[in-house]
Amino acid sequence: MNFSSDNIELFLAVLDRGSFSAAARALRRVPSAVSMGIANMEAELGFQLFDRSHREPVPTALALALALAPHARLIAEQLKQLQNHAIELSQGLESRLSIGVASDINSSGLLAAVKALAERYPLLDIEVLTAPQDDVLHMLHQQRVSLCLAFGGLDVNSQEHFHYVGSESLVATIAAQHSALSAGGAVLFLEELVNVRQIMVASRDLPMADKRPQVAESFWRTDSLPMALSMVEAGLGWGNFPLSLTAPLLEQGRLIRLKFKNTKNELRLPVHLIWLKHQPQQKAARELVALMTGPSP
């Protein structure tokens, strides 16, 4: 038989309420229509769904053995979600929300907000793209993503709206066996790093708009933070990376946090949620901003 939403609703109503009369009241039908509907389903299926020899109908072992009830509940829930999603789309919810995240940023706060949004809109298609900072901002201005999570720069772009959502400490880290440590251990003058190769997370094609994390005159780049950390751990250079993401490697002794004789080893950068002024935010994007910042500006 071809199950319909009406058949599933009818079956679950009788199953959950324990009688044809109670199901009829819930469905706003007469008991005879409910009884007839179940009988028609049974005729098409070729077996009984309910044993009518008792005072109230009892689900048959065959119906339960074939797991019709849990499958019916799953389908009913999916239909409900589909109906709600159709209403939400008609009220301005976008079909897809694309979010850009700078590769070397801690995204735990964003993912918590995304989880809450997904629970609110289970059928919303959410896409999270990671790339180096300049590439993420480029994707935003190309409207490839609706908003992005990135480090705040020194300059304010008049085309962008931004909201501060936290800060991140970048710390200079190096492998214990690196030759730069051979003389003074892990205590150096900051300027001594100018001539030591730096490993950076950066775009392959775009120039670095914010050079605050760059100290060395010579650097190698990668578009992946895990790869950058692996390169530093392999002794290929030193790096300025988020403390929240390098902490496990520091605790394990796989990397060393440098100490400087003339300054503190910490570059604190703001983390911003950014979107374009001329690109009106749709419902999910607005709610994501609210989840991360409070009421949307």
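In the predicted model, Glu127 has a relative accessibility of 16% and therefore counts as buried, since the cut-off for a buried residue is under 20%. The side chain of Glu127 meets that of Arg144 in a salt bridge, with a distance of 2.9 Å from N to O. Glu127 belongs to strand E4 (residues 125–131), whereas Arg144 is placed in the loop between H7 and strand E5 (147–151); the pair therefore ties together parts that are 17 residues apart in sequence. Arg144 counts as partly exposed because its relative accessibility is 39%, a value that lies between the limits of 20% and 50%. The pair also belongs to a wider arrangement: Arg96, Asp125, Glu127 and Arg144 are joined into one network by salt bridges that share partners.

In total, the structure holds 10 salt bridges. One of them links the side chains of Arg55 and Glu56, at 3.6 Å from N to O. With a relative accessible area of 78%, Arg55 is exposed, while Glu56, at 32% relative accessibility, counts as partly exposed. A further salt bridge is formed by the side chains of Arg268 and Glu266, with an N to O distance of 3.4 Å. Glu266 counts as partly exposed, its relative accessibility being 28%.

Attention now turns to helix H9 and the elements around it. Helix H9 spans residues 243–251, and its residues Thr246, Leu249 and Leu250 are buried. These three residues lie on the same side of H9, because they cover an arc of only 100° around the axis. The general geometry of the α-helix accounts for such a pattern: there are 3.6 residues a turn, so residues three or four places apart point the same way. The buried residues of H9 pack against E6, helix H8 (225–233), E10 and strand E11 (256–257). Just after H9, Gly253 takes a positive phi of about 80°.

One of the elements against which the buried residues of H9 pack is E6, and Thr173 is placed in this strand, which comprises residues 160–174. Thr173 has a relative accessibility of 0% and so counts as buried. When residues up to four places away in sequence are not counted, Thr173 touches Val232, Trp238, Gly239, Phe241, Leu250, Leu255, Ile256 and Arg257. Among these contacts is Leu250, one of the buried residues of H9.

The interior of the model was also examined for enclosed space. A search of the whole structure finds one cavity of 30 Å³ or more. The volume of this cavity is about 260 Å³. Its lining is made up of 19 residues, and those that lie nearest the centre are Asp104, Gln133, Val201, Asp210 and Pro213. Helix H7 (133–141), strand E8 (198–201) and strand E10 (239–242) are the elements that give two or more residues to the lining. Of these, E8 gives the most, with four residues. By class, 12 of the lining residues are nonpolar, four are polar and three are charged. Strand E10 thus appears in two of the settings described, because it gives residues to the cavity lining and is also among the elements against which the buried residues of H9 pack, where contact means heavy atoms within 4.5 Å.

Note on methods
Residues numbered from 1 in each chain as written. Predicted model: local features only at pLDDT ≥ 70, side-chain atom pairs only at ≥ 80, totals over all residues. Heavy atoms only, no water. 1 Å grid on protein atoms, 1.4 Å probe; cavity = no way out; pocket = protein on both sides within 12 Å on 5 of 7 lines; lining within 4 Å. Points joined across faces, edges and corners; volume = space filled by probe spheres on them. Nonpolar A, V, L, I, M, F, W, Y, C, P; charged D, E, K, R; others polar. Buried < 20%, exposed > 50% of the residue type's maximum accessible area, 1.4 Å probe, protein only. Arc of directions from axis to C-beta. Salt bridge = Lys/Arg side-chain N within 4 Å of Asp/Glu carboxyl O.
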